[in-house]
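Colleague: I am new to this structure and would like a close look at a single part of it, the place where two helices meet. Please go through that contact carefully, and then lead me outward to whatever adjoins it.

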Amino acid sequence: MMRLVLAWLLWATVFARADDSEITRAPDRIMVLRADGPTFHETVKGLMHELGSDFTCEEMFFRPGAAPAVLPEGKPAGALVGKSSEGIATAEQLEAAISTSRPRALVLMDNDAIRLYASVQRQWRDSVPFPPSISLMAVRVDREIAKLQRATGIFYEVPGVTILVNLRSLVTGPVRKVGVIVRPSMADFVRENAK
């Protein structure tokens, strides 16, 4: 998954800076907006490992009711900058952080982070150039990013074919029929995988 994120970020920055003529320049900034938690932290660590010194990442936390985050400057390439204990709580705070940081791309982790960026795009749709975003670690990322501009995502859900291939390797007899207990919100996902 990290290699897919890296490939997409490299693609996004190439097209985002097609008009740049500088040969030597500071590494591009990537803003990571996420909830707090060990799983998110490990993903950011892996992302940083893959990105190496090609990008500077700013890790911003989504926290409802939080005070505005402060972005420290002057961190070396490949470093995590902008890690804020206060966090981002509103679309206004996120828009201010994006305006200050001017990232080449955003990594949105979790449904709440995607929704917050969608709020920014709705509120400032005619006045702010939106950086491209990649969303991950979200339930039904395809639905969440449908209304975002310049967005793509990585599915969190495991495709049905992967599950069934693994199931076949665990049972001794043939698998002819599979029943699925599903939440109504995931019914279309199951129908699509049944094909």
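Modeller: Let us begin with the residues that touch, keeping in mind that this is a predicted model. On one side, helix H3 contributes Ala-91, Glu-92, Leu-94, Glu-95 and Ile-98, and on the other side helix H4 contributes Leu-116, Tyr-117, Ser-119, Val-120 and Gln-123. Sorted by class, the residues in this contact of H3 with H4 are six nonpolar, two polar and two charged.

How are the two helices placed against each other? Two packed helices are described by the angle between their axes together with the distance between those axes. Here the axes of H3, which covers residues 91-101, and of H4 come within 9 Å and cross at roughly 80 degrees. Because angles of 65 to 115 degrees count as roughly perpendicular, H3 is roughly perpendicular to H4.

Staying with H3, we can ask which of its residues are buried. They are Ala-91, Gln-93, Leu-94, Glu-95, Ala-97, Ile-98 and Ser-101, and among them Ala-91, Leu-94, Glu-95 and Ile-98 also appear in the contact with H4. The buried residues of H3 do not pack against H4 alone, for their partners are strand E1 (28-34), strand E2 (55-61), E4 and H4. After H3 comes Arg-102, which has a positive phi near 55 degrees.

One of those partner strands, E1, spans 28-34, and Arg-34 forms a salt bridge with Asp-36 in which the closest N and O atoms are 4.0 Å apart. Arg-34 has a relative accessibility of 1% and therefore counts as buried, the cut-off being under 20%.

Turning to the other helix, the way into H4 (111-123) leads from strand E4 (105-109) through a loop in which Asp-110 is found. Asp-110 is not a glycine, and yet its phi is positive, at about 95 degrees. With a relative accessible area of 18%, Asp-110 is buried.

Within H4 itself, the side chains of Asp-112 and Arg-115 meet in a salt bridge, with 3.3 Å from N to O. Because Asp-112 and Arg-115 are three residues apart in helix H4, about one helical turn separates them. Both partners are partly exposed: Asp-112 has a relative accessible area of 34%, and Arg-115 has one of 42%.

Another positive phi leads us to a further part of the chain. Arg-140, a residue other than glycine, has a phi near 55 degrees, and Arg-140 lies in the loop between strand E5 (133-136) and helix H5 (141-144). What does Arg-140 pair with? Its partner in a salt bridge is Asp-188, and the closest N and O atoms are 2.7 Å apart. This pair links distant parts of the chain, since Asp-188 sits in helix H7 (residues 187-194) while Arg-140 is in the loop between E5 and H5, 48 residues apart. The two ends of the bridge fall into separate accessibility classes, as Asp-188 counts as partly exposed at 27%, whereas Arg-140 counts as buried at 7%. Through salt bridges that share partners, Arg-140, Asp-142, Arg-143 and Asp-188 are joined into one network. For the protein, the count of salt bridges comes to 11.

Helix H6 (residues 160-170) holds Val-161, which at 57% relative accessibility counts as exposed. The C-alpha atoms of Val-161 and Lys-195 are separated by 9.7 Å, although these residues are 34 apart along the chain.

Finally, here is the setting of all these parts. The protein has seven helices and six strands, and from the N terminus on its elements run α-β-α-β-β-α-β-α-β-α-β-α-α. Of its 195 residues, 42% count as buried, and the protein exposes about 11,400 Å², of which carbon and sulfur atoms supply 56%. Among contacts between residues at least 6 apart in sequence, 66% join residues at least 24 apart.

Definitions and conventions: Residues are numbered from 1 along each chain as its sequence is written. This is a predicted model: local features need pLDDT of at least 70, side-chain atom pairs count only at pLDDT 80 or more; totals for chains, interfaces and linings use all residues. Side-chain values use heavy atoms; hydrogens and water are left out. Helices (H or I, at least four residues) and strands (E, at least two) are DSSP runs, numbered from the N terminus. Buried means under 20% relative accessible area, exposed over 50%, partly exposed in between (1.4 Å probe, protein chains only). Axes are lines fitted to C-alpha atoms, for helices over the stretch in contact, and angles run from 0 to 180 degrees between N-to-C directions. Angles under 35 degrees count as roughly parallel, over 145 as roughly antiparallel, 65 to 115 as roughly perpendicular and the rest as oblique. Contact means heavy atoms within 4.5 Å. Ala, Val, Leu, Ile, Met, Phe, Trp, Tyr, Cys and Pro count as nonpolar, Asp, Glu, Lys and Arg as charged, and the others, Gly among them, as polar. Accessible areas come from the Shrake-Rupley method with a 1.4 Å probe; for residues, only the protein chains shown count as cover.
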